[in-house]
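Open the model in your viewer and keep the selection box handy. We'll go stop by stop, with something to pick at each one.

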Amino acid sequence: MTPGGTVDGLDRRTLLLGSAGLLVAGCGGGDGGGKGGGEATAAATAKGPNIVKPKAGNVVTEADAAALRNRLNAAMQSGDVKQLVATIDPGDYDLATFEKFWTRRMENFRRLGFVDGQWYVGVPGGRTRNGAGGRVEYSGELVFAHTVKGCDGQQVVENMSADFRKKSEDAPLELMHVGEIDENFDPSLWDVADLETIETKHAWIVFRRSDAKRAKDFSARIEAGAARAFDIMPRPAGVDKIFYGLTWPAIDGKLWGGVAVGDADAHAYYHPFLDPAELANGQKSAANRSGLPMATGRVGLHESSFSRPDFEDVACHEGVHVLADQWYAAGGTPTWVIEGLAVWGELGADGVMARDGARIRSTFGQFESIGLKGYDEFHESSMELEFYQCSAAVYAYLEKESGRDAVLETAQAFYGAETREAGAKKLGRSEKDLFAATRKWLGA
Ligand SMILES: [Zn+2]
């Protein structure tokens, strides 16, 4: 976030792509010998070509998954939490927690009116078949995907571990247990309070009832900050709003998986777009459809941000982070690229140099070595504030020498690369070169 000890969620919470680590309960039940048959089948399936005849035994099919998914989605459409709970046949699993969680969510979604939610059920590779025809039970991923209207160019997906069962060949696929939501999303703002919203042209402002007055009082400044972020950043496809949540001390830094922060005034929390159908099959793979943003974000405005004289700049700064997430590929983005862009976005080249020029010139030498290092060296330094300013100076130099397109091109190259080295290669210019040229331009 904003200079003054504030940090963004995205760096700490890089998602590892790859197997979601399916836990398989194994085939329960079945008659004598059925279990062995099921395991042999599973092994063959997991290794590659499926050499078992499709009709052999009790098999979980795509159609079974689709039928369960339809039941879940019908419950979402109806808004009736009882209908959602009824999709689970719990055995000895206590449904009260699930019901309480989804009651709050569905009520919030109804009040907010801007969330579209959908479920995904997959057929994970391995043990979704019992060759002898007996009961199939397994653990897999259940996926809930949502879009906030105007904010999300693709679906934001959350996965939760779940236990599935198909009692016999002709029986439907059933849910037996739904576990907690993936820690990267837990809890969302709509899981911790009853929410209301104010819509402005460029923002959804979301708040507890008890913060309604503050939300109203600050809505014009939030809108102004968001509008400035949209003015300076390219607009991601399908996006014309930024989500701003008013947080409070008990949840500051704890939303969406949490971030390691002390006195941060605000955060932009990063939500990568993963392919929901693949995730339901147990694989985390980026949903990188051409022309669509790679990620979105949510802004959390802490209580302390509301007493800042530069509140509108804070709203703009966080908005720039969220809009830059459209390029965010792999988590290798250097910290100076992220924070420098947001400070530059608040002030522009002239503003950065007018406000912080003297301090930048006197500290740029120290920044040059820290800027090449990692997140902790940057954020945990006693010179963090100066590092934010020096990072912005790199973009100020680019704007003055080559125009705003060069600023955006540089940020995008690093955001979109797997590693900072790959980002530099894509840009055709090393970080060291950029820093040296900036120092020369500064006359430092
Ligand atoms: Zn920031």
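Start by selecting β13, residues 295–301. Seven of its seven residues are buried, so this strand is largely enclosed by the rest of the structure. Keep in mind as you look around that this is a predicted model.

Now show the side chains of β13. On one side you'll find A295, G297, V299 and L301, and on the other T296, R298 and G300; both faces are covered, and all of these residues are buried. Buried here means 20 or more other C-beta atoms within 10 Å of a residue's own.

**Out to the sheet**

Next, add the strands around it. β13 belongs to an open sheet of five strands, in the order β8-β9-β10-β13-β11, and the pairing is mixed. At the edges sit β8 (195–199) and β11 (266–272), each pairing on one side only. Look along the sheet and you'll see the twist: neighbouring strands are turned by 25° against each other on average, ignoring direction.

Which way do the partners of β13 run? Take β11 and β13: they are antiparallel, joined by seven bridges. To find one of these, pick A266, whose bridge partner in β13 is L301. Then go to β10, which runs parallel to β13 and is joined to it by three bridges. Click G245 there and look across to its bridge partner in β13, G300.

One strand further, β9 (residues 203–208) and β10 (residues 242–246) run parallel, with four bridges between them. I205 is a good one to click: its bridge partner in β10 is Y244.

**Helices on the sheet**

Now bring in α5, which packs on this sheet and touches β8, β9 and β10; its direction makes about 155° with that of β9. Then select α7, residues 311–324, which lies across β10, β11 and β13 and runs at about 160° to β13.

Go back to α5 (residues 212–232) and pick D231, which lies in this helix. Is D231 buried or exposed? It counts as exposed, because it has 11 C-beta neighbours inside 10 Å, and the cut-off for exposed is 12 or fewer. While you're there, run a C-alpha to C-alpha distance to G345: the two are 114 residues apart in sequence but 9.3 Å apart in space.

**A helix crossing**

Jump to helix α10 (residues 384–402) and helix α13 (residues 431–442). Two packed helices are described by the angle between their axes and the distance between the axes. For α10 and α13, the axes come within 9 Å and cross at roughly 75°, which makes α10 roughly perpendicular to α13.

Show the side chains where they meet: A393, V394, Y397 and E401 from α10, against L434, F435, A437, T438, W441 and L442 from α13. These contact residues divide into eight nonpolar, one polar and one charged.

Stay on α10 for a moment. It is mostly covered, with 14 of its 19 residues buried. Its end C-alpha atoms are 27 Å apart, which agrees with the 27 Å that 19 residues should span at 1.5 Å a residue. Just after α10, select G403, which takes a positive phi of about 95°.

**Zoom out**

Finally, show the whole chain: 13 helices and 13 strands. Of its 444 residues, 49% count as buried. Among contacts in the chain with a separation of 6 or more, 74% are between residues 24 or more positions apart.

Note on methods: Residues are numbered from 1 along each chain as its sequence is written. This is a predicted model: local features need pLDDT of at least 70, side-chain atom pairs count only at pLDDT 80 or more; totals for chains, interfaces and linings use all residues. Helices (H or I, at least four residues) and strands (E, at least two) are DSSP runs, numbered from the N terminus. Axes are lines fitted to C-alpha atoms, for helices over the stretch in contact, and angles run from 0 to 180 degrees between N-to-C directions. Angles under 35 degrees count as roughly parallel, over 145 as roughly antiparallel, 65 to 115 as roughly perpendicular and the rest as oblique. Two residues are in contact if their C-beta atoms, placed from the backbone, lie within 7 Å. Ala, Val, Leu, Ile, Met, Phe, Trp, Tyr, Cys and Pro count as nonpolar, Asp, Glu, Lys and Arg as charged, and the others, Gly among them, as polar. The expected span of a helix is 1.5 Å times one less than its number of residues. Two strands pair if DSSP finds at least two bridges between them.
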